[in-house]
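Here are a few friendly notes to read alongside the coordinates. I begin with the annotated site and then turn to the enclosed spaces.

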Amino acid sequence: MASCAAGFENAPEQRTPIDLDIHGSMPPWLSGVLYRTGPGTTRIPTTADPSKTVDIQHWFDGLAMHHRFEIYPGGQRVSYRSHKGAEDFEKRIADAGSYPGFSFGQKGDPCQGIFRKFFTVFRTLRDMNVPAMQTPSGQSVSVTLTPDMPGWKVDHLNLPSPSSGPRYLVAKTDADILQLLDPITLEPLVGATYKDLDPRLDGPLSAAHSCRDHETGDFYNYSCKIGGRFPTYKIFRISGKDGKVDILAEVKDAPPSYIHSFAMTERFVILCVWQAHITQYGMSLVLNKNVAESIDYNWNPKADTLFYVVDRNNGGLVGKYKTPPFFCFHHLNAFDDPDTGDIVIDMSVYSDNNVINLLYLDKLRNLNMENHMLMGRARRFRLPSPARSSAALQVQDAIVDLTLPQPQSIELPVVAPSVYHKPYRFAYGINKLDPKLHHTFADGIIKLDMASSSDGTPGSGTKVWRKPAHTPSEPIFVPRPGGTSEDDGVLLSVVLDEDAMRSSMVVLDAKEMTELARAEMKTVFPIGFHGVFAAQKL
């Protein structure tokens, strides 16, 4: 088995906070809460026979577990607690002895007859109109977390009123389901959909990675409704001031696709439709009841990737661009070029979409030279300044400014909060030096320099933190109060020590990429997805 295999097994829940063992020196200014979410349960004993289990097949379908690392002022104490996020759903699986409803990649019974399969189409179409979450923990929602997401009516809830930090958290995924969490206990409080926030947001697909204006609090995402030859993508904004929902634009000429994230600048929202096309005009989702089996893996080198540019302030489509095909999970950042007015978008790209099939748990638990994990390569796209016109949009070519080499691969990328949607230099993420060398999910945390050096070489200022037999997770950048440079701060990552079989919250100096301290657990933290830091206001 792969050395990181323990990170893809069931993890123990820790509802009562426990203190972690601190090694090294925590920066005295660092205080607040690191929230993380991801799968925590992958094998569920059945109610009828506890010796038998329902095994989750795809990493993205692992049942939710939410986590809270609290760093106390002075750097002398770090506590940890966790809470399952899908207990009612887990009970449904245990009682049924199978995985019910929609999933990302849970495969159905291969012996199911064709007539029975088509019969399920009608039931599935009916179920698509039923609220996705009958109870707060009735579905698994565990990809990203948004503190105090606008649009919710929460006055009737018994929410905490912390002196600092969020009043509530909202967990999101690539479907339209949402889960509101208590920020202290992490208990699921409300299950909802985007449609509950506004009936116009009636599509079953959305992006786990929304965009947020950190000055206004405005929240941006898309909703995708499948039907007919082309789906309808609705790009929307939820006001941070009053929770009002505005549909900024609709895209009706793009194929249905699995889109995990999108981009935003100070002037525009950009929806990128890459090649993860859902077959049969989207109806394969209904037949398969999962996303992974519904994607077309027969790579079409002529199926361009499309960029749709939406005016953030006035709404409406103002630009459409194309580029040769690629696949992507995550954007690094995007910004308006102050010199040219062009839109610059940095993404972690793959040459095809087969990486989705590498994320089945049986493969992740058995990584080796033949079965190794891939990492995306940073690519910079430039969209020539869009013309503001109500006339039919002319499709322009996107320009590829650079693609960094494989040793500088990056996934789960983040940037400093001060440069969200603005010109920037550094991105941070997980990295693999050589996919065939170290048989683990990731073997380093990279600081990617997206600027060119004096000799014109992109990425020449890149640095990497790497430690033998350690598997890191997504790094989160925390700026030092009063810091003046973009990289003045620390990175927080939960790292698995494969020899000791225990995990730690590791603190890295973001400027030098050296380890400052770690808060060590006595257990293995499940390898998960994404997190967010809420600073303590002193």
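1. A good place to start is the record: UniProt, in an unreviewed entry, places the feature "binding site" at His209, His260, His330 and His530. Although these positions are spread over 322 residues of sequence, they cluster in space, with a largest C-alpha distance of 12.6 Å. Please keep in mind that this is a predicted model.

2. Let us take His330 next. This histidine sits in strand E21, which covers residues 327–336. Is His330 buried or exposed? Its relative accessibility is 6%, so His330 counts as buried, the cut-off for buried being under 20%.

3. The surroundings of His330 are worth a look on screen. Leaving aside residues up to four places away in sequence, His330 touches His209, His260 and His530, which are also named in the UniProt feature. The other contacts of His330 include Ser261, Met347, Ser348, Glu411, Leu412 and Pro413. With His260 there is also a polar contact, side chain to side chain, at 3.2 Å.

4. His530 belongs to strand E35, residues 530–535. Its relative accessible area is 5%, and therefore His530 is buried. Beyond four places in sequence, His530 touches His209, His260 and His330. Tyr35, Arg36, Thr37, Val143, Thr144, Leu412 and Glu474 are among its other contacts. Leu412 thus appears in the contact lists of both His330 and His530.

5. Now to the cavities. How many of 30 Å³ or more does a search of the whole structure find? There are two. The largest holds about 60 Å³ of space, and the second largest has a volume of about 40 Å³.

6. Around the largest cavity you will find Thr471, Pro472, Ser473, Val494, Val495, Leu496, Ser503, Phe525, Pro526 and Ile527. Strand E32 (residues 489–497) gives the most to this lining, with three residues. By class, the lining has seven nonpolar and three polar residues, and no charged ones.

7. The second largest cavity is lined by Gly7, Phe8, Glu9, Pro39, Gly40, Thr42, Trp59, Pro526 and Ile527. Five of these lining residues are nonpolar, three are polar and one is charged. When you compare the two cavities, look at Pro526 and Ile527: both residues line the largest cavity and also the second largest.

How values were computed:
Residues numbered from 1 in each chain as written. Predicted model: local features only at pLDDT ≥ 70, side-chain atom pairs only at ≥ 80, totals over all residues. Heavy atoms only, no water. 1 Å grid on protein atoms, 1.4 Å probe; cavity = no way out; pocket = protein on both sides within 12 Å on 5 of 7 lines; lining within 4 Å. Points joined across faces, edges and corners; volume = space filled by probe spheres on them. Helix = DSSP H or I, 4+ residues; strand = E, 2+ residues; numbered from the N terminus. Nonpolar A, V, L, I, M, F, W, Y, C, P; charged D, E, K, R; others polar. UniProt positions renumbered as here; feature names shortened; annotations may be inferred. Buried < 20%, exposed > 50% of the residue type's maximum accessible area, 1.4 Å probe, protein only. Contact = heavy atoms within 4.5 Å. Polar contact = N/O pair within 3.5 Å; in protein donor to acceptor, adjacent residues only side chain to side chain.
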